[in-house]
Amino acid sequence: MDQGTDFKLTQMKKSVEKLGSSTQGYGDPTLMRFMIARSMESDKAANMFVQWQKWRDTMVPNGFISDSEVPYELETRKIFLQGLSQDKYPVMIVQASRHFPSKDQDQFKKFIVHLLDKTIASAFKGREVGNEKLIGVLDLQNIAYKNVDARGLITGFQFLQGYYPERLAKCYILHMPWFFVSVWRLVSTFLDKATQDKIVIISNEDEKKKFISDVGEDILPEEYGGRAKLVPIQDVEVTPLENGRTH
């Protein structure tokens, strides 16, 4: 880490203390995610970090969200966790044809936290470093109007942007039907440029080949051009992510 970055991190830590909080227990890789998300501006990064701490305390008071807190969202078996990509990022697949807009928004928000925390935790090699990222694959094959959930997508991306800064490595969108284009345009208006730059809409064979190559045939399921089987997220055992703290 260069001297300029080191100085800015020190300034961020001081700013967090001025806001009545502390960075104790969090490593520099965690703090750097907030710095990068706020263009290396220490005060803005500190403010984002403190807001995140408050949000975690409220949303995840136990440190993690268990399967038993989100039973209705899990029972459709729409989220899959496939292991690590070529770049060692955990790969989460969402099959949108199994999703229906939630009647319980509180449980849905908890579900987003549950799946993001579990996906990130699956990358730990014994302990969290703080800079782990994930790859998301949104599969829109066979979706009907009843599966379309702009609100749910917006909530998911807003959580990623606001509370999981620099956790998204890439998001691939597969099999986008014509009627979803206008939905995606709406969702895109809620995404910042950094997030939009990480989204790849696969629309031809060359893009599909690159997607398979980048993610890896060994962990991609057969229906996506790989050699693996789909693994529902509830069948994956991981050590829970406890409030983002480095252990």
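Are D218 and R227 buried or exposed? Both residues are exposed, and their side chains meet in a salt bridge. The model described here is predicted. It holds 15 salt bridges, and some of them are described below, followed by two residues with a positive phi.

**A salt bridge between distant parts of the chain**

- D235 and R77 form a salt bridge in which the closest N and O atoms are 3.1 Å apart.
- This pair links distant parts of the chain, since its two residues are 158 residues apart.
- D235 lies in the segment after α9 (205-215), while R77 lies in the loop between α4 (71-74) and β1 (79-84).
- D235 has a relative accessible area of 46%, so this residue counts as partly exposed.
- R77 is also partly exposed, because its relative accessible area is 33%.

**Other salt bridges**

- In the pair named at the start, D218 and R227, the N to O distance is 2.6 Å.
- K229 and E222 also meet through their side chains in a salt bridge, with an N to O distance of 3.2 Å.
- K229 has a relative accessibility of 58% and therefore counts as exposed, the cut-off for exposed being over 50%.
- E222 has a relative accessibility of 46%, so this residue counts as partly exposed.
- Elsewhere, E128, E132 and R167 are joined into one network by salt bridges that share partners.

**Residues with a positive phi**

- Most residues other than glycine have a negative phi.
- M40 is a residue other than glycine, yet its phi is positive, near 60°.
- The place of M40 is the loop between α2 (28-37) and α3 (42-59).
- M40 has a relative accessible area of 21%, so it is partly exposed; the buried class covers values under 20%.
- H175 is not a glycine either, and its phi is positive at about 55°.
- H175 is found in the loop between β4 (168-174) and α7 (181-188).
- With a relative accessible area of 35%, H175 is therefore partly exposed.

**Points to look for in the structure**

- To follow the link between distant parts of the chain, find R77 in the loop before β1 (79-84) and D235 in the segment after α9 (205-215).
- To find the two positive phi values, look at M40 and at H175.

Methods: Residues are numbered from 1 along each chain as its sequence is written. This is a predicted model: local features need pLDDT of at least 70, side-chain atom pairs count only at pLDDT 80 or more; totals for chains, interfaces and linings use all residues. Side-chain values use heavy atoms; hydrogens and water are left out. A salt bridge is a side-chain nitrogen of Lys or Arg within 4 Å of a carboxyl oxygen of Asp or Glu. Helices (H or I, at least four residues) and strands (E, at least two) are DSSP runs, numbered from the N terminus. Buried means under 20% relative accessible area, exposed over 50%, partly exposed in between (1.4 Å probe, protein chains only).
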